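Here are a few notes to go with the model you asked about. Keep the 3D view open and follow along point by point.

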Number of protein chains: 2
Amino acid sequence: MSQTRQPEIRRPLTLRDVSEACGVSEMTVSRVLRNREDVSPATREKVLNTARALGYVPNKIAGGLASQQVNLVAVIVPSLSNMVFPEVLTGISEALDDTGLQPVFGVTGYSAEKEEEVLYEMLSWRPSGAIIAGLEHTDAARAMLENAGIPIVEIMDSDGTPIDSVVGISHRLAGMQMADAIVAAGYRRIGFLGSKMTSDHRARKRMQGLTDGLATHGLELADTELYSGGSALKKGREMTEAILSRTADLDFLYYSNDMIGAGGLLYCLSKGYDIPGQLGMAGFNGVDFLDGLPMKLATIDACRHEIGVQAANIIAGKDQGGVIGGHRVELTPQLVHGDTMRAPS
Amino acid sequence: MSQTRQPEIRRPLTLRDVSEACGVSEMTVSRVLRNREDVSPATREKVLNTARALGYVPNKIAGGLASQQVNLVAVIVPSLSNMVFPEVLTGISEALDDTGLQPVFGVTGYSAEKEEEVLYEMLSWRPSGAIIAGLEHTDAARAMLENAGIPIVEIMDSDGTPIDSVVGISHRLAGMQMADAIVAAGYRRIGFLGSKMTSDHRARKRMQGLTDGLATHGLELADTELYSGGSALKKGREMTEAILSRTADLDFLYYSNDMIGAGGLLYCLSKGYDIPGQLGMAGFNGVDFLDGLPMKLATIDACRHEIGVQAANIIAGKDQGGVIGGHRVELTPQLVHGDTMRAPS
DNA sequence: GGCAGTCATGTTAGCCATATCATACTAGAA
DNA sequence: TTCTAGTATGATATGGCTAACATGACTGCC
């Protein structure tokens, strides 16, 4: 005797299943599950219990199509492999938490083409807003953003013309600010250590700002050392060793980010350099987990968490006084002297 | 004379707009944009040009509803604020890159309730699969996962019973392995430094494994120091100072993660401890950006990137020999002796 | 009692794609 | 020439939900 049990083709549950199971219309169930008014407490209770008992999970695909709105926010960043962007994402995540909006992350690997692809993919979900790192995009990407008809916030950088809103700092100014501080502290033979990556526009602008700033004091970079890939801390060591052995009379090392700076700092300490007397050092970002290093590296805080929060607030329409787009938030990066720069003379 | 310009109510573009603009049916446009066969090269070309010119972006909401499939993979992790999970996400991202599948990340903040919420939210998008950190979930979350009718991969941890597939390491074994190594190296007075967070199940299991392992050698922890929040590197310093001043005769410090371990290491070096002779140290995770520290901290590699890749491969159905679910991949964590443990005596 | 005004719920008509089946048309075989 | 097969395209019917409007049961007031 073969078993005659129904083969149980578990059709996914729909609103209809819930509505039939508790004897109300689909519309009423829908209203309950979206917490709309105008449902009697008794009915609400009944529906909620049934839905829970069945294990019903609403289908936002259908819901989004019907209502023409989707509670997603597209967030596009170049990388997750250093702490910078995860911190921004954390800020975004926190700020969106009580808004009913949900961030969706995409990663471009610092490639403009990949950015275009990711953007296309994301926009095809018709999100309620988009947050994207940087102001430099391909023409196609820019066109997509302009035509999407949703609020766009470009973040991290404020040196350029935004499509809609922008939240960031001026990396050019940050570079110049550092140049001024270095010169004010009396350093003159300055070395630059950074990444080979030309597509990291913000790092490029910082370097530009630094050289321009030095130029206003009649100085220029005495040497430069670039890297790509690998453990940043270790690279910092190696690069520092390389640049110091090549140009022994450097009295300041500017690192394009804190991680390589930390590596450099550890190297110099182990070699017995007198810091900040003989040799000054500074990084960029204000990464706070480096607080535990033997000395506190001078740096400029990139306001990463704050940028995430503010960008998210713009998308969520918090504190906007009714204005919809075109916000410009330029945060002022704070220079932290730390222990690796002499006090201004 | 008031302007009579059409008020330009930019209705979002649909397939119909494209189809009308180039004189074919919607169906044909749809086929072209999804790269289906059976469209003549001439038509394809024409459609592609029109779509590009109009700036049409397909609506996956509608597409997903019609086709009953969505190319998203839900990825749920506890946190983005240390490098551990970003590395896993990077692995997932890479492995999915050529599959047409797209990861969507959700963050739970180590809270079971929040996990449940995030999961509900994510499943309501009807993803093609889900990757979720850990084996411990609320009953409701477990039920949702079981009923979702999609492949589920629980990651990071293999100590327990998975819902469907699992990719991870045994944190219990990792703890025991470390205990064995510590004892083999001749250390006897062992201190534990870790997080207060009871909801980090994997950290808990590592500690359990460590104490159980020590017990098999007739040892127990001599002291314990816990922390919460803050910069891990700094906390590592502070905790180390605290535990060493409280229990001066400790000869080994086991840290629940590499970051606090690194802080502790820097502290001990600055205080002139003889490492690994007088005092041994070890962490957990194998975070490679710590490679630049003055000494290499002993650690156990948690295979984070690899876990991400393998989990993604299971969802994508790569190399599965046709099997759909129920995979069990237990990676073998490698103990790295580094410079902070004596060689086994 | 009759009627406007509420409140709770139901009905209908899409939302924008895609699966499926139907239909022209072409080319080659019998 | 006629018929079969195959190719390119189109018509139709959903998919699961929600907006907008419709309904019906009450309430309370003149």
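Which polar side-chain atom lies 3.1 Å from a sugar or linking oxygen of DNA strand C?

1. That one belongs to Gln68(A). Bear in mind, as you look for it, that this is a predicted model.

2. Gln68(A) isn't the end of the story for DNA strand C. Try Ser25(A): one of its backbone N or O atoms sits 2.8 Å from a phosphate oxygen of DNA strand C. Then find Arg31(A), where an N or O atom in the side chain is 2.8 Å from a base nitrogen of DNA strand C. Two or more residues of the surface near this strand come from each of α2 (26-33) and α4 (60-67) in chain A, and from each of α2 (26-33) and α4 (60-67) in chain B. The biggest giver is α4(B), with 4 residues.

3. Now zoom out a little. There are 24 residues around DNA strand C, and those that come nearest are Thr28(A), Thr43(A), Leu15(B), Ser30(B) and Tyr56(B). Looking at the DNA side, 70% of the atoms of strand C within 4 Å of the protein are sugar and phosphate. Sorted by class, the protein surface here has 10 nonpolar, 10 polar and 4 charged residues.

4. Over to DNA strand D, which has 25 residues around it; Leu15(A), Ser30(A), Tyr56(A), Thr28(B) and Thr43(B) are the closest. A polar side-chain atom of Thr43(B) is 2.4 Å from a phosphate oxygen of DNA strand D, while Arg34(A) has a polar side-chain atom 3.1 Å from a phosphate oxygen of that strand. For a contact with a base, look at Ala62(A): a polar backbone atom there lies 3.2 Å from a base nitrogen of DNA strand D. This time α4(A) gives the largest share of the surface, 4 residues.

5. Next, the sheet in chain A. It's an open one with 6 strands, paired in parallel, in the order β2-β1-β3-β4-β5-β11. Why do β2 (102-107) and β11 (328-330) each have one side without a neighbour in the sheet? They stand at the edges with a single partner strand each, so nothing in the sheet flanks the other side. On average, neighbouring strands are turned by 15° against each other, direction ignored.

6. Last stop: β1 (residues 72-77) of chain A, which pairs with β2(A) in the parallel sense over 6 bridges. Val75(A) is opposite Phe105(A) in β2(A). Lying across β1, β2 and β3 (129-133) of chain A is helix α6 (residues 112-123), which runs at about 150° to β2(A).

Terms used:
Residues numbered from 1 in each chain as written. Chains lettered and ligands numbered in written order. Predicted model: local features only at pLDDT ≥ 70, side-chain atom pairs only at ≥ 80, totals over all residues. Heavy atoms only, no water. Near = heavy atom within 4 Å. Polar contact = N/O pair within 3.5 Å; in protein donor to acceptor, adjacent residues only side chain to side chain. Nonpolar A, V, L, I, M, F, W, Y, C, P; charged D, E, K, R; others polar. Pairing = 2+ DSSP bridges. Axes fitted to C-alpha atoms, helices over the stretch in contact; angles between N-to-C directions. Contact = heavy atoms within 4.5 Å.
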